[in-house]
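User: I would like a close look at one part of this protein, the inside of the fold where rings and empty space come together. Could you walk me through it?

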Amino acid sequence: MQVLPMQLPAAEPLARLLLQWGVAPPPARPVAERLGGWLGWAEAIGLSQLLATPVAAGANAAAGREARDWADAALDRLQSELTAAFDDALLARDAAEMAPEGMPLADLLAPFRLHHAQQQRSMAARVATLRERLRPRLAEASGALNRLAQLDAVFERAIVEQERSLLAGLPALLTKRAETHHAADPRRWRARFWADLQRALRAELDLRLQPVQGLIQALHQAEC
């Protein structure tokens, strides 16, 4: 069994972070019930047809090894590059300094809001690209992994709007965090807010990467 490569320190789960910030989780419902509410008719038909098709037998060991090596390296590179981009040096320097007096909070907050929006767009695009590029490599490795890749494509289409709706609320929540820190310390609030922003970005990345990490884990388990 191949040992997985060293990963970056784990981010805290987004749900835990939101709870710490006073956002209560929605009422718990069975997974099947929630998924049924997210599937449109096209996804439901596609899923039904997919599950009715027998899984192809056989595996390609060489393709599996190549897929694992590629996936591990691609994931490490993506995590490293995105987390490095989160910690913008100029904004971090500004956040560490006392805020100028007399400027409206909205003006002081604007560059941080812009940075957050840019990082959200970058995460969404790059994680989706990695996920899309990973599926054909699973398909080449074995019939069972091909089925998993097909299911992942269906589920990605089914939950993309739910994910977008959830994450669209983060900017407003971060603005409230900034207002709270500003009220507590009008000159030094930016350092605390910058720490909150970094936590939110890392938690969001952790959430977005979970499907990709699941596919890669399946690749490694297939090797056992």
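Analyst: Happy to! Please keep in mind that this is a predicted model. Let's begin with the make-up of a lining: the residues around the largest cavity divide into 6 nonpolar, 2 polar and 1 charged. By name, they are L109, F112, R113, H116, P171, L174, T175, F193 and L197. Three elements each give two or more residues to this lining, namely α6 (105–141), α8 (170–184) and α9. Of these, α6 gives the most, with 4 residues. R113 is the charged member, because Arg counts as charged.

How much space lies in the largest cavity? About 60 Å³. A search of the whole structure for cavities of 30 Å³ or more finds 1.

Now to the rings. The count of aromatic pairs comes to 3. One of them joins W189 and F193, with 6.1 Å centre to centre and 50 degrees between the planes, and this pair is tilted. Why tilted? The angle of 50 degrees falls between the limits, since planes under 30 degrees apart would count as stacked and over 60 as edge-to-face. The two residues are 4 apart in helix α9 (residues 189–223), so about one helical turn separates them.

Are these two rings buried or exposed? W189 has 0% relative accessibility and therefore counts as buried. F193 counts as buried too, at 3% relative accessibility.

The pair also belongs to a wider group: F112, W189, F193 and W194 form one aromatic cluster. Here the rings and the cavity meet, as F112 and F193 are among the residues that line the largest cavity.

A histidine is part of the picture as well. H181 lies in helix α8, and at 12% relative accessibility H181 counts as buried, because the cut-off is under 20%. Leaving aside residues up to four places away in sequence, H181 touches W189, R192, F193 and D196. Those contacts include both rings of the tilted pair, W189 and F193.

One more ring is worth a look while you have the structure open. R137 lies over the face of W70, at 4.1 Å from the ring centre.

To pull this together, you could start your tour at F193: F193 lines the largest cavity, pairs with W189, belongs to the aromatic cluster and is touched by H181.

How values were computed: Residues numbered from 1 in each chain as written. Predicted model: local features only at pLDDT ≥ 70, side-chain atom pairs only at ≥ 80, totals over all residues. Heavy atoms only, no water. Phe/Tyr/Trp six-rings, centres within 6.5 Å; stacked < 30°, edge-to-face > 60°. Buried < 20%, exposed > 50% of the residue type's maximum accessible area, 1.4 Å probe, protein only. Lys NZ or Arg CZ within 6 Å of the ring centre and 35° of its normal. 1 Å grid on protein atoms, 1.4 Å probe; cavity = no way out; pocket = protein on both sides within 12 Å on 5 of 7 lines; lining within 4 Å. Points joined across faces, edges and corners; volume = space filled by probe spheres on them. Contact = heavy atoms within 4.5 Å.
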